Structure formats: structure tokens, C-alpha cells
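Please read the points below with the model open beside you. They take up burial, fold, the largest pocket and a surface patch in turn.

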Amino acid sequence: AQPRNLELSHGFLDQRTLAAVSGNAVRDEFRISQDPYSSYEVVVDAVSGDLAPGLVVERLAADNSSVLQSGAAVGTGSAVSLRWQNTSAVDSLQQHLRVRSTGCSTDCGPDDQYRIRVYDTTLTLPRFNNSMNSLTSLIIQNRNVTTVNGIVWFWGPSGTLLYARAFTIPGRGAFTLPALAIPPLLGTSGTATITSDAPYG
């Protein structure tokens, strides 16, 4: 199979085909740079021709071979979503996403198309303040019907990580974090970010 490499970033949108080239099956491989403490979603949909059923979306390790994660079907059509968190303190620069089809390979034609969209799903909270006479509490609501897992990261004014807290929210549920109960955050202020496996928005 012949790979084709592209760079992905937030807001990327493209309509592509897996049409075979000179009798060789094609797979699309996308490089995606991930910031530290961030989360992402890739959606592949608008599938046509013989790509569905059988469209496969995978996140690959730095060796560009080992599969770290496979996309899951969303909705009632042929859409596939892949969501993950980079909980590392360093950039992830070597992972790839692969789109391929088991529905057609060497006989894929120009009509065998899909759309790919990429989102940075990291939520940034501009300020929390537990200094002087102020106290901050955090409430996160899950508007989806499926469970969401994530992490809240609290940062000091200099960008130092002060505290991190994992959470799980059931469908239509909420997570409340009273800052008063967290010793590392008492008498401090700064910002917060939230990463999760929730869909964009």
C-alpha cells in the first residue's frame, strides 16, 4: 500500500479519496503534533463508494507501525471518531494517524472518498483565584450521553503545574471540584486547562 503523508492541526478539514494508484492500495498517513497536557479529536465521515463499511482510523506510535488506538463508530452512519489525551509534559511529535479501508484496496476508485476533521479539544480556563478573600470552585458538565474521562490541570502564574485531578463524568452528569478542599491551591492563583476524551464542543 502506498502511504500519503500530511500534517494535521486544529481546524484541518479535507475531502480525500483512497483511489488506488497504479494498482496499489492507498492509505493516508497524517502526522499530528501534540502539545503537552492537551487533548484531540479526529472525525472521519462523509464516506462514499466502497469505503464503508470497512473504513479504519488508527493512531500509530512513533515507529509508525504499532497501533495505539483505533477509532470508534459514532452515530448511525459510517462516521468514525478518535479521541485521546496527551498527558505528557513534552510535545508529542512522532505519532501518526492512518486512514485505510478494508472495504476496497487495490480496486478503490476516485468515488471512494471520506472527509477528515481535526480538533484540539483542550479547554483553557483563564483564571482561578484562591488568594486574599477569594475562593474558586470548578464545575464541569457533561452534555453527552456517554461517559467522559479527563484531567484538570492547575497552573501557577509562572506556568508551573500546581495540581492535577482526574475525573470521570457519567452521561448528562457533572463534576464539582471545590478548590477550598485542595491544599496545593490554597493561597494561590493562576490558570487551568482541562483535557478529556469528550468530543469537540
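1. What share of the 201 residues of the protein counts as buried? The share is 43%, where buried means under 20% relative accessible area with a 1.4 Å probe and protein chains only. This is a predicted model, in which local features need pLDDT of at least 70 and side-chain atom pairs count only at pLDDT 80 or more, whereas totals for chains, interfaces and linings use all residues. Residues are numbered from 1 along each chain as its sequence is written, and side-chain values use heavy atoms, with hydrogens and water left out.

2. The protein has zero helices and 16 strands (DSSP runs, numbered from the N terminus: H or I of at least four residues for helices, E of at least two for strands), and its C-alpha trace spans about 70 × 35 × 25 Å along the principal axes.

3. The largest pocket (on a 1 Å grid over the protein atoms alone, an open set of points where a 1.4 Å probe fits, with protein on both sides within 12 Å along at least five of seven lines) holds about 440 Å³ of space. Its lining, meaning residues with an atom within 4 Å of a point, numbers 22 residues, and Gln-141, Ser-196, Ala-198, Pro-199 and Gly-201 lie nearest the centre. β12 gives the largest share of this lining, four residues.

4. Leu-135 sits in the loop between β11 and β12 and is exposed, at 52% relative accessible area, the cut-off for exposed being over 50%.

Conventions
Grid points are joined across faces, edges and corners, and a volume is the space filled by probe spheres set on the points.
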